[in-house]
Amino acid sequence: MILAILLALTSVDSLTSEFIERWFTQYPSRATQAGRSELDAKLEDFSTLPAWLAYLDTVDERARQLKPANRDDRLDLHALRRAVAEERLKLRQRAQPGRNPGFWTGVVSESVIYLLLREDQPHEHRVKALDARARQVPRLCAQAKAALSKTKADQIAPEHLDPARKQALQLGRLFSQNFARFDPSLSDAGQVAGKALMDFAAFLDKLPASGSARLGKDYDEVFRIGLDETETPAQLLPRFEQDLVALRAEAALYGAEVWSQLVSSEPMPQDEKARLRRLFAAIETDRDIDVAVYTRRWQESVLELAELVRKRQVITLPEPLTLKISPAPAYLAGQAYGGVFPAGPYHPDGDTLLLLPVPPDTATLAQKAEFFAAFNRPFSKMIAAHEALPGHYVQLKIAAHQAHPIRTLFPDDVYEEGWGTFVEGLMLEQGWGGPKERIAHLKKALENCARAIADIRVHKENATKEDIAKLVREDALLDPQLGANLWLRALTSSPQIVTYHLGAARFRALYDAARKTEGARFSLRAFTDRLMSLGPVPIREYE
């Protein structure tokens with residue numbers, strides 16, 4: 001009877017709005033990220049987990065019985081049902097609170113980063129909220145210990161445990177040592193939270209863990225829900241493997257064309273793999289030597305990108321440009337933060353922050369040289385299109401202004417990362433950069449394809465660490481260190497690492513089809529503007 005009454009009173013708009021409010025109550029840190037400030041002083045409390053799961057069941061039943069009146073209703077309802085499915089999969093089926101310590105350290109991390117970085121609210125408000133959240137960290141750590149203590153060792157994977165322990169230590173130092181650098185009045189609350197996190201790290205150090213991080217029988221469902229994908233991993237893997245061979249051939253052919261420009265003092269190897277390894281090494285020598293120059297180069301690149309996007313009419317840019325680029329502030333020293341921190345749908349005109357990865361202050365000269373070789377000038381210039389214009393900054397800023405917050409809060413990851421990756425190549429075609437940037441892009445494309453292959457092989461074919469190392473080194477022609485990193489990412493970030501290659505391929509297919517169909521009538525700006533019109537929904541909706 002109660003469900004019948006609810007259904008009679010429910011529309012798609014009212015149900016999505018209701019769900020968002022309940023979501024923010026359950027995850028107040030997400031409200032902060034979205035631009036809502038009224039829950040800034042609250043921290044997640046998972047003692048309410050049974051009630052939250054019961055609500056998810058109810059809202060899914062109500063959603064299934066709704067009949068969308070139009071396309072917007074259908075897309076909003078789809079986003080809602082996918083969000084519910086992901087929550088139930090994570091919390092009930094995969095039992096992440098009891099099996100993955102990173103579930104808890106991730107909550108702590110997300111609870112403070114936006115308050116520390118964003119300036120949407122007055123400094124005094126942020127300090128008060130940070131103080132309140134810090135004082136609730138001991139309660140959250142106690143909940144984490146209670147949940148994990150009930151779990152058998154063979155249900156907890158060492159590959160999940162060790163990164164969480166390291167993150168707890170890093171967060172402990174952030175609270176106890178660096179909170180006061182943000183504001184001296186936070187010293188006491190920072191000490192309280194820091195001690196709780198150090199104790200949690202010690203608890204994790206002794207926690208028995210002998211389980212597997214492989215998703216096993218759950219992988220297909222995690223893949224389907226996490227990527228909103230209609231094709232199975234088994235169907236996609238052969239295609240990805242063919243893509244890797246084709247990408248390598250494309251890179252080798254282009255490398256032959258530009259060899260004399262990049263490695264003029266050496267004869268070109270006829271072996272394609274040797275040729276590409278030498279070209280990849282060559283671009284790493286074009287690098288900065290200090291953070292200040294590196295940061296300034298990024299800032300200049302974004303301004304140049306904006307000018308080129310306007311000149312070539314690549315996309316309609318949201319005006320004014322509200323992107324701020326900087327290295328991590330001093331109070332984040334030792335923390336693994338970087339990337340785009342967008343304005344949310346409840347404060348869409350706020351600044352977007354692009355936090356640059358930088359070597360730590362304690363890095364040796366050799367470590368700094370290694371960092372700037374990886375984040376070399378051609379790579380940084382090329383990837384600026386992905387992260388800033390017309391990539392993530394533009395897409396996220398447009399989405400924040402759209403009238404469907406459910407889509408922005410629960411975006412399609414294949415769309416988001418696919419867009420960023422697609423526009424890397426698109427901007428090269430529009431004149432952004434030269435041969436070095438093109439080689440950097442092709443190297444990144446090989447990495448993205450290897451990520452997608454590794455994810456499926458690890459979880460579907462039980463590929464070993466050695467198998468992934470061979471894939472990275474021998475097939476994708478990348479550095480051995482990436483093999484170790486990719487192995488861990490496949491175990492801890494699945495299936496997110498598939499999104500880059502899969503999404504870029506889908507966008508490229510749309511682009512090629514539109515150009516073929518429209519011929520001389522094709523307008524790049526009209527095409528890309530259409531790709532923003534529905535928000536970050538599954539790419540198939542734009543077909």
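## Overall dimensions

For a chain of 543 residues, a compact globule would be expected to have a radius of gyration near 24 Å, and the protein, with its 24 Å, agrees with that expectation. The structure considered here is a predicted model, and its C-alpha atoms fill a box of roughly 70 × 55 × 50 Å when the extents are taken along the principal axes.

## Secondary structure and packing

In terms of secondary structure, the protein comprises 24 helices and three strands. Of the contacts with a separation of 6 or more, 79% are accounted for by residues that stand 24 or more positions apart, and buried residues make up 53% of the 543 residues.

## Surface and charge

The accessible surface of the protein amounts to about 23,600 Å², and carbon and sulfur atoms contribute 52% of that area. The charged side chains number 71 positive and 73 negative, and the centres of these two sets lie 1 Å apart.

## The surroundings of Gln430

Gln430 is placed in the loop between α19, which spans residues 413-429, and α20, which spans residues 435-460. Is this loop residue buried or exposed? Gln430 counts as buried because its relative accessibility is 10%, which falls under the 20% limit used for that class.

When residues up to four places away in sequence are set aside, Gln430 touches Leu308, Arg312, Val314 and Leu524. The picture at this position is thus of a residue in the loop between α19 and α20 that is buried and in contact with Leu308, Arg312, Val314 and Leu524.

Terms used
Residues are numbered from 1 along each chain as its sequence is written. This is a predicted model: local features need pLDDT of at least 70, side-chain atom pairs count only at pLDDT 80 or more; totals for chains, interfaces and linings use all residues. Side-chain values use heavy atoms; hydrogens and water are left out. Helices (H or I, at least four residues) and strands (E, at least two) are DSSP runs, numbered from the N terminus. The radius of gyration is taken over C-alpha atoms; the globule rule is 2.2 Å times the number of residues to the power 0.38. Buried means under 20% relative accessible area, exposed over 50%, partly exposed in between (1.4 Å probe, protein chains only). Contact means heavy atoms within 4.5 Å. Accessible areas come from the Shrake-Rupley method with a 1.4 Å probe; for residues, only the protein chains shown count as cover. Lys and Arg count as positive and Asp and Glu as negative; His and the chain ends are not counted. The place of a charge is taken as NZ of Lys, CZ of Arg, CG of Asp or CD of Glu.
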